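Visitor: Could you take me slowly through one part of this structure, and then show me how that part fits with its surroundings? I am in my first year, so please spell out each step.

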Amino acid sequence: PVAIVWLRRDLRLSDHPALTAAAQDGALMPLFILDEQMEALGAAPRWRLEQSLKSLAADLEARGLKLILRRGDPRAILTALAQDIGAVSVHWSRLYDGGSVARDTEVKSALKEAGVSAVSHAGHVLHEPWTVETKTGGFYKVYTPYWKAVRGADVPEPIGIPDLRAPDTWPESDALEAWQLSADMDRGGAIVATHETAGEDTARGVLGGFIGSKVEDYGTARDKLFVAGTSTLSAHFAWGELSIRTAWHAAKRKFDETGSADVETFMKELVWRDFAWHLIYHTPQIETENWRPEWDGFPWRGDNEDAERWRRGLTGEPIVDAGMREMYVTGRMHNRVRMIVACYLTKHLQTDWRVGLKWFEECLVDHDPASNAMGWQWSAGSGPDATPYFRVFNPETQAEKFDPKGIYRRKWLDSENSAEAASYFKAVPRSWGLSAAEGRPPRMIDLKDGRQRALDAYQEFKAQG
Ligand code: FAD
């Protein structure tokens with residue numbers, strides 16, 4: 001018998017309950033479908049997906065298996081393929097955003113109708129969203145009580161790679177290159193590549209290095225913009241090259257040995273990721289609507305020229321511009337700076353958080369629908385557990401505190417160092433009168449004025465009740 005494992009954001013072989021269950025049912029047919037959701041991803045995540053698929057295909061090949069690639073509607077593809085090859089079952093790892101839940105429900109019923117067993121499995125998070133409940137039986141809207149509820153809860157130990165048997169024959173597969181997933185990264189795919197390595201082996205190496213020593217300083221180093229103080233695991237988690245349970249148990253072992261508060265801080269961050277998936281499952285509108293509907297009347301500005309300057313790192317606010325360039329060039333941005341640039345866009349520039357969310361979706365190699373939506377709504381003040389709108393980060397004070405010597409800002413802003421970002425300037429409208437050679441633009445908006453403008457808009461909005 002042959003069993004299909006339908007891979008999505010779980011591009012790994014180890015600690016993979018769905019793949020393990022399929023391998024137990026028979027010879028393994030690993031399948032990835034480029035569906036509507038994947039097609040809609042931004043340039044950087046699509047580029048990153050290609051790297052991940054290449055790596056997984058190589059890992060499978062080393063074991064005598066293939067990764068079958070198909071493009072289109074998963075319902076049609078899975079039912080036809082299952083029938084063509086006489087598959088006994090289809091397995092996949094559950095995802096919890098609204099689009100995935102709707103798609104997977106349809107796929108499941110189509111497969112059942114076609115007489116094929118369809119089984120979904122846990123594997124993407126530490127705790128599935130419906131397993132963590134408040135005392136009154138609802139879901140958590142605030143992080144700290146959520147953390148308290150799960151910190152001591154059992155997380156299954158990671159499982160190894162099962163015995164994998166190849167089917168006797170392989171069906172046709174698309175060629176990965178034909179999908180052209182990196183086509184829109186002409187602005188710097190090659191550059192991002194120098195900062196980013198994909199794949200399960202890399203991910204395990206990064207985890208080992210981090211837990212081996214760096215995690216011991218995580219509590220303080222994570223906020224210093226001028227050191228590499230965080231794990232850089234986010235893109236590996238976003239594509240499932242590393243299971244979150246593997247990371248949790250590695251950290252937990254270290255915590256049990258050392259009792260270190262730094263290690264616990266790291267474990268709390270892993271749980272922030274789970275919390276984002278908890279929220280997106282219980283309130284799927286978090287991706288597109290103000291989580292607090294009372295914000296619906298807020299006079300956010302839609303996309304505008306100030307936002308375009310924000311995207312290009314030309315606001316004249318050094319820490320904001322440095323962060324926007326870091327993201328453009330590397331596909332990542334430091335968490336502290338993500339908060340600073342998001343606050344600046346939604347408050348100083350009065351621009352709708354969805355404009356920012358979209359640009360992050362275009363540029364982040366670690367793009368994750370749950371964490372991105374939670375991060376933006378938190379920063380804008382419209383989300384659950386959000387920072388209140390009137391708490392406006394001062395980017396200058398933040399920069400002095402977290403980048404006191406200007407090392408991070410210089411790294412991304414100095415003309416000598418920004419050759420990497422030079423292509424970015426080619427498309428700047430002439431009317432802005434700016435070019436890379438002319439150095440830094442002046443501040444678009446005085447920080448005091450920007451803060452006051454945000455507070456005035458908020459007061460007026462509140463007064464209208
Ligand atoms: P570490 O500090 O080493 O943390 C370890 C892991 O914990 C991360 O890999 C991540 O999985 C998780 N984590 C840490 N912080 C958060 C957080 N605030 N929310 C959720 N999970 C967290 N993260 C994404 O993975 N994808 C996104 O699309 C994304 N968009 C964001 C947008 C905004 C506006 C903000 C403020 C934050 C966003 N984050 C997002 C969260 C966070 O910035 C990144 O997870 C973090 O910078 C990744 O770096 P790291 O792996 O070195 O993190």
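Guide: In this predicted model, helix 12 and helix 13 pass each other in a left-handed crossing. Helix 12 covers residues 244-258, and helix 13 covers residues 261-282. Their axes come within 9 Å and cross at roughly 160°, and because an angle over 145 degrees counts as roughly antiparallel, helix 12 is described as roughly antiparallel to helix 13. On the side of helix 12, the contact is made by Ile 244, Ala 247, Trp 248, Ala 251, Lys 252, Lys 254, Phe 255 and Thr 258, while helix 13 brings Val 263, Glu 264, Phe 266, Met 267, Leu 270 and Arg 273 to the contact. Sorted by class, the residues of this contact are 9 nonpolar, 1 polar and 4 charged.

Helix 13 also leads us to the ligand, since helix 13 is among the elements that give two or more residues to the shell around the ligand, together with helix 11 (234-238), helix 16 (335-348) and helix 18 (369-380). There are 27 residues around the ligand, and those that come nearest are Thr 230, Ser 231, Ser 234, Asn 372 and Gly 375. The shell is mixed in character, with 11 nonpolar, 10 polar and 6 charged residues. At least three residues of the shell come from domain 2 (125-155 + 190-282), and at least three come from domain 3 (293-460).

Two of the helices that contribute to the shell, helix 16 and helix 18, can be compared with the pair we began with. The axes of helix 16 and helix 18 come within 9 Å and cross at roughly 55°, and the two helices are therefore oblique to each other. Their crossing is right-handed, whereas the crossing of helix 12 and helix 13 is left-handed. Here Arg 338, Met 339, Ala 342, Cys 343 and Thr 346 of helix 16 meet Gly 375, Trp 376, Ser 379 and Ala 380 of helix 18, and the residues of this contact divide into 5 nonpolar, 3 polar and 1 charged. Gly 375, which takes part in this contact, is also one of the residues that come nearest to the ligand.

Finally, we can step back to the chain, which is divided into domain 1 (2-124), domain 2 (125-155 + 190-282) and domain 3 (293-460). The centres of domain 1 and domain 2, taken over C-alpha atoms, are separated by 25 Å, and 20 residues of domain 1 are in contact with 20 residues of domain 2. The side of domain 1 that touches domain 2 has 7 nonpolar, 6 polar and 7 charged residues.

Definitions and conventions
Residues are numbered from 1 along each chain as its sequence is written. This is a predicted model: local features need pLDDT of at least 70, side-chain atom pairs count only at pLDDT 80 or more; totals for chains, interfaces and linings use all residues. A residue is near a molecule or strand if its C-beta atom, placed from the backbone, lies within 6 Å of it. Helices (H or I, at least four residues) and strands (E, at least two) are DSSP runs, numbered from the N terminus. Ala, Val, Leu, Ile, Met, Phe, Trp, Tyr, Cys and Pro count as nonpolar, Asp, Glu, Lys and Arg as charged, and the others, Gly among them, as polar. Domain bounds come from an automatic or database domain assignment. Axes are lines fitted to C-alpha atoms, for helices over the stretch in contact, and angles run from 0 to 180 degrees between N-to-C directions. Angles under 35 degrees count as roughly parallel, over 145 as roughly antiparallel, 65 to 115 as roughly perpendicular and the rest as oblique. A crossing is left-handed if the near helix is turned anticlockwise from the far one by less than a right angle, and right-handed if clockwise. Two residues are in contact if their C-beta atoms, placed from the backbone, lie within 7 Å.
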